[in-house]
Amino acid sequence: MKREAPQSIADYGPLFFPAGMLLVFFVVPFGTMIVVSFFQRQQGGFYTPAFVFSNYERFLSVFFGGVLGFSLMLAVTVAICCVVLALPFTYLLSKLPRRLQVIWLVALLSVLSLSEVIIGFAWSTLFSRTAGITNILVQLGLMKQAVALSPSFGAVLTGMVYQALPYTVLVLYPALVRLDPTLMEAARTLGSSPVRAFFNVLVPALRNTIMATLIMVFIFALGSYLLPQILGRPQHWTLSVLITDQAIYQSNMPFAAAMAVFLVLVTLGLVALTLLIGRKGEKA
Amino acid sequence: MSGLVLNGVTKQFGTFTAVENVQLSVPHGTFVCMLGPSGCGKTTLLRMIAGLDDPTGGSILLDGEDITKVPTHKRNLGMVFQSLALFPHLSVGENIAYPLRIRGKGREDQKKRVDELLALIHLPGYGDRPVSKLSGGQRQRVAIARALALSPKLFLLDEPLSALDAKLREAMQVELRQLQQKLGITTIVVTHDQREAMTMADTVVVMNGGHIRQAASPIEIYRKPADTFVADFIGSTNLIETTADSSGAATIFGHSVPGLLLPAGLQKATISVRPEDVHLTAPGNGAINGTVTFVRDLGGTIETFVEAGGKQIVAVSTPRARPEVTAGQQVGIVLAPDVCVVLKQ
């Protein structure tokens, strides 16, 4: 059915509300941030309106470059870990009887209701020497003595994967439920073992979904700033931690804003690059 | 023996028995159609032969070897699904080459075989097209070619033509039968379309309620149905109650039918008479008397509905062979003893 193009201003009416929301809650704050990122900071005070690049210049250092690189690497690792874990899990989940599926999904949703703080402290307890999971391994005779697993990169990664995994499953679930089950059966009748069929039929058939999920988890993980502080050492802190530090503890709003803008630009660039590569692969 | 043997195959889903104690042997190179209403267990039986469902009882033998516990991917069979299940991310040629790639065949061998198969299904040069750009009939052929790529021992098709329009379906039935005869491959097709089964099959297996009701050649299924279900399901028929005296001589609606004998010991039975075997004459002369209630003249054939003994009997013939009859007319029904098939109760 071909729809008629909008004729009068009134025809655009339904768009006013979402446009207004976007303007008030996204464009205005983000615009303010961009403006502030060019302001001049007053030592010991706040900031004065100006147009200087010093905030961006300060960012272009080995230290901040390293933190940015680490943040991106951490987010990419979390995204990959989540999809690698969630894809087989969700596939097996979609094969379960309906009732069991519902129980699993409710359990996953309940993980989402936990705050980041609770997740962080729960894992830091689990990774501790005195009350952590290594005590169980000692009891089982697999380890000589209990050790502290936190703070470490592994602990940060585990906590963040734990936090993002329910989202990953919930994004993948509809696509896997909709996937024609006879595709996998056909692969089996054509001589492919179930594991091979998973990799050479299911994964390529869900390529776009997997790509979208990776991007979603990547962006989600990029914003994390509590878990790296609770479970990691200072070298595991992400750019979000530094932004918070600058904005709240150093009262350096212009620099914090500059870092935030930079992070947004880098993220958008990476997402665009991913989509571009994805589109090229599709044509081939 | 060579071929496929089903030995007491049973499948239960919880308390529901989908397939019960099925015995069937399919000699090598035979074309079998499994025919029945939806929910009769025919697809479940096919899935068990493919190894996609595990039987709860019985065994399946292929060329004398018990394959009941062999996983699907080691069974050496080709299957065409109702949804066709073509891989959307692969081109036509890659779809057909998929089983060859899985078996680690070289690129040259793959290409040669794909070209061979594309020629076989009358789609030469289509190898590089995406699957989404094909018409329904072309996808059908690609699914068939993919299933045949490894020259399997067993070719299974689950309602393969149901997505096609009527005209294309008829053409594909003929094509599929010719292809099967050319390759001499043991083929099992599940269908609910009896025309399809009659067109293609060497053996038609009629199923209902998880049981095989009759397995025989199409013409025997039509001429000599085993029971009321088969008689009623295949084509249209007149089911008539008969009684017999102590010598076995049968009477229909109080008229004795000379020459028609019920098996010894049977006092009552249902017989099946195909509409084209019902002859109408003038009343009297020992014929069963009836009244014509309706005449349906279809041009090619003419159907006459006659009420006799409180039952409706349908007679079919060509308009040329039928003397002019009109509704309300008194007629005599003549049933030759050899067209009356006594059915199992």
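**Figure 1. Packing of helices α5 and α7 in chain A of the predicted model.** Helix α5 (residues 116–126) of chain A packs against helix α7 (residues 153–178) of chain A at an angle of about 135°, and their axes are 10 Å apart. An angle between 115 and 145 degrees counts as oblique, and α5(A) and α7(A) are therefore oblique to each other. Their crossing is right-handed. On the α5(A) side, the contact is made by A:Glu116, A:Ile119, A:Gly120 and A:Trp123. On the α7(A) side, the participants are A:Ala155, A:Thr158, A:Gly159, A:Tyr162 and A:Gln163. By character, the residues of this contact divide into four nonpolar, four polar and one charged. An α-helix has 3.6 residues a turn, so residues three or four places apart point the same way.

**Figure 2. Crossing of helices α3 and α10 in chain A.** The axes of helix α3 (residues 62–95) and helix α10 (residues 207–222), both of chain A, come within 8 Å and cross at roughly 135°. These two helices, α3(A) and α10(A), are therefore oblique to each other. The crossing in which α3(A) passes α10(A) is right-handed. Helix α3(A) contributes A:Ser71, A:Leu74, A:Ala75, A:Val76, A:Val78, A:Ala79, A:Cys82 and A:Val83 to the contact. Helix α10(A) contributes A:Ile210, A:Thr213, A:Leu214, A:Val217, A:Phe218, A:Ala221 and A:Leu222. Of the residues in the contact of α3(A) with α10(A), 13 are nonpolar, two are polar and none is charged.

**Figure 3. The contact between chain B and chain A.** Here 19 residues of chain B are in contact with 16 residues of chain A. Two elements of chain B, strand β6 (77–80) and helix α2 (92–102), each supply at least two residues of the side that touches chain A. The residues on this side of chain B comprise twelve nonpolar, five polar and two charged.

**Figure 4. Helix α1 of chain B and the glycine that follows.** Helix α1 (residues 42–50) of chain B is mostly covered, with nine of its nine residues buried. The buried residues of α1(B) are B:Lys42, B:Thr43, B:Thr44, B:Leu45, B:Leu46, B:Arg47, B:Met48, B:Ile49 and B:Ala50. The charged side chains B:Lys42 and B:Arg47 are thus listed among the buried positions. After α1(B) comes B:Gly51, which has a positive phi, near 90°.

**Figure 5. Surroundings of B:Asp66.** B:Asp66 is placed in strand β5 (residues 65–66) of chain B. A residue counts as exposed if 12 or fewer other C-beta atoms lie within 10 Å of its own; B:Asp66 has 12 such atoms and is therefore exposed. Leaving aside neighbours within four places in sequence, B:Asp66 is in contact with B:Ser59 and B:Leu61. B:Leu6 lies 60 residues from B:Asp66 in sequence, and the C-alpha atoms of the two residues are 10.0 Å apart in space.

**Figure 6. The two domains of chain B.** Chain B is divided into domain 1 (3–232) and domain 2 (236–342). The C-alpha centres of these domains of chain B lie 40 Å apart. Their contact takes five residues from domain 1 and five residues from domain 2 of chain B. On the side of domain 1 that touches domain 2 of chain B, the residues divide into two nonpolar, one polar and two charged.

Definitions and conventions:
Residues numbered from 1 in each chain as written. Chains lettered and ligands numbered in written order. Predicted model: local features only at pLDDT ≥ 70, side-chain atom pairs only at ≥ 80, totals over all residues. Contact = placed C-beta atoms within 7 Å. Helix = DSSP H or I, 4+ residues; strand = E, 2+ residues; numbered from the N terminus. Axes fitted to C-alpha atoms, helices over the stretch in contact; angles between N-to-C directions. Parallel < 35°, antiparallel > 145°, perpendicular 65-115°, else oblique. Left-handed = near helix turned anticlockwise from the far one by under 90°. Buried ≥ 20, exposed ≤ 12 C-beta atoms within 10 Å, placed from the backbone. Domains from an automatic or database assignment.
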